[in-house]
Amino acid sequence: MLTIKKIEPLIVSNSAHSEHQVLVRVETSEGLDGWGECCTGCEYGEAALATKDLIERGFSPRIVGEDPLNYRKIWDKLYSATEWYGRRGLAIFAISGIDTALVDIAGKTLGVPACKILGGCFRNEASLYVSLFFDMDNPEKTAKSALQYLEHGYTGAKLGWGYSRSNSFGMNPVRDEEAVEITRDIFGPSNQLMIDVGRYVNWTVSHAIEMTGRLEKYKLSWIEEPLPPDDLEGLARLTATSKIPIAVGENYQTLYEFQDILSRNAGDVMQPDASKAGGISESKRIVDAISSRNKMWVAHNWSTAINVAAALHLVASSPSGSLMEFKEDGNPLVNELTKEKFEIKDGKMVLNMKPGLGIEIDENILEKYRVED
Ligand SMILES: [Mg+2]
């Protein structure tokens with residue numbers, strides 16, 4: 001009988017792009033490896049260490065010997081076992097890595113791509129949008145960098161945050177509007193432009209209502225995280241008021257939390273991240289719930305190649321999703337971690353239809369970026 005033989009959490013880090021992520025390798029009795037990711041990204045490594053410990057001490061003894069194809073049963077077992085201290089936060093990061101690895105194994109065992117394990121492949125490619133940090137001293141430069149992607153077929157570009165906490169988008173309404181106006185001029189009328197307010201600032205509802213009114217004429221496809229993720233009441237008020245669609249979701253975990261957002265109507269565009277929200281199978285439940293409410297969703301993604309592959313399969317497995325975030329910013333954990341590079345054709349990422357997530361990890365690169373405990 002096919003069983004889980006070993007679970008190995010590995011911390012990788014690249015200080016310029018992706019700090020302290022946990023990759024999870026699940027080995028089976030048949031000698032197959034499955035890979036998942038917990039996007040714990042943190043400056044000092046604390047979240048990665050805690051997640052690794054959760055997996056080694058708490059999860060491994062509970063699920064070694066289980067049939068990996070029972071991935072939802074295993075999800076449930078881990079959620080229930082961690083209910084006292086988990087339900088959200090690091091326990092869900094840890095479950096995310098294992099869940100995605102098990103779906104990868106299920107695909108490899110059955111010889112089908114992960115999107116088929118999730119219910120079927122509705123498409124074999126995902127449209128991409130690029131995310132770039134705003135240079136608030138030179139928004140023209142950022143807009144011109146983004147334009148290069150659009151000229152290569154990307155569907156849209158999202159600009160936001162800033163190079164630093166002290167010089168970020170969202171700090172000054174006049175500068176904010178200027179940055180958006182310059183970008184729209186450079187993009188022209190038809191390219192999709194999104195703004196990510198980012199978490200360097202905390203807008204109030206009244207400020208967000210004023211700003212969405214002020215930016216309305218620049219025809220943004222969405223404005224992302226205009227309020228802190230815990231201000232659900234504010235997000236609901238803003239969603240009801242703003243003519244610019246409101247995007248939220250990178251900070252939410254599990255179907256339970258997304259159901260709460262959906263039932264409050266606290267956003268128009270949802271952005272689950274498989275490496276954080278509970279893994280690829282939980283994210284599939286989330287995107288199905290979003291679709292059932294006739295809302296838009298896009299796959300949030302930035303950390304390593306494993307989550308890029310997970311986002312791609314998630315998009316492929318949903319009738320209503322077609323767009324995923326992809327940062328081509330020279331991150332070696334995205335660009336070098338897999339033996340075969342992701343194929344991008346006319347601004348779309350192409351699904352290779354290989355079994356599981358369709359990726360093979362380059363052990364040399366893994367070792368290069370692996371950090372000791
Ligand atoms: Mg964001």
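How are the donor residues of the magnesium ion spaced in sequence? Hello everyone, let's start there. The spacing reads D-x27-E-x25-E. Before I go on, please keep in mind that this is a predicted model.

So, who are these donors? On the protein side, the magnesium ion has Asp-196 (OD), Glu-224 (OE) and Glu-250 (OE), and they lie 2.0 to 2.4 Å from the ion. Take the two glutamates: Glu-224 sits in strand S9, residues 222–224, while Glu-250 belongs to the loop between strand S10 (246–248) and helix H9 (254–264). They are 26 residues apart, and the pair links distant parts of the chain. Are they buried or exposed? Glu-224 is buried, at a relative accessible area of 0%, and Glu-250 is buried too, at 13%.

Now stay with Glu-250 for a moment and meet His-300. A polar contact of 3.4 Å joins the side chains of His-300 and Glu-250. You will find His-300 in the loop between strand S12 (296–297) and helix H12 (305–316). With 6% relative accessibility, His-300 counts as buried, because the cut-off for buried is under 20%. Setting aside neighbours within four places in sequence, His-300 has contacts that include Gln-271, Pro-272, Asp-273, Asn-307 and Glu-325, besides Glu-250. There is also Gly-249: 51 residues separate it from His-300 in sequence, yet their C-alpha atoms are 8.3 Å apart in space.

Let's turn to the aromatic rings. How many aromatic pairs are there? The count comes to 8 aromatic pairs. One of them is Trp-75 with Tyr-79: the ring centres are 5.0 Å apart and the planes meet at 15 degrees, so this pair is stacked. Both residues lie in helix H2 (residues 71–81), 4 residues apart, which is about one turn of the helix. Trp-75 and Tyr-79 are both buried.

A second pair to look at is Tyr-129 with Trp-222. Here the centres are 5.3 Å apart and the planes are at 85 degrees, so the pair is edge-to-face. Tyr-129 is in strand S4 (residues 125–133) and Trp-222 is in strand S9, so the pair ties together parts that are 93 residues apart in sequence. Tyr-129 is buried at 0% relative accessibility, and Trp-222 is buried with a relative accessible area of 0%. Strand S9 may sound familiar, as it is where we met Glu-224.

Back to Trp-75 for a last stop. Together with Tyr-79 and Tyr-256, Trp-75 forms one aromatic cluster. And the charged end of Arg-72 sits over the ring of Trp-75, 4.6 Å from its centre. Thanks for listening!

Definitions and conventions:
Residues numbered from 1 in each chain as written. Predicted model: local features only at pLDDT ≥ 70, side-chain atom pairs only at ≥ 80, totals over all residues. Heavy atoms only, no water. Donors = N, O, S within 2.8 Å, 3.2 Å for Na, K, Ca; no water. Buried < 20%, exposed > 50% of the residue type's maximum accessible area, 1.4 Å probe, protein only. Phe/Tyr/Trp six-rings, centres within 6.5 Å; stacked < 30°, edge-to-face > 60°. Lys NZ or Arg CZ within 6 Å of the ring centre and 35° of its normal. Contact = heavy atoms within 4.5 Å. Polar contact = N/O pair within 3.5 Å; in protein donor to acceptor, adjacent residues only side chain to side chain.
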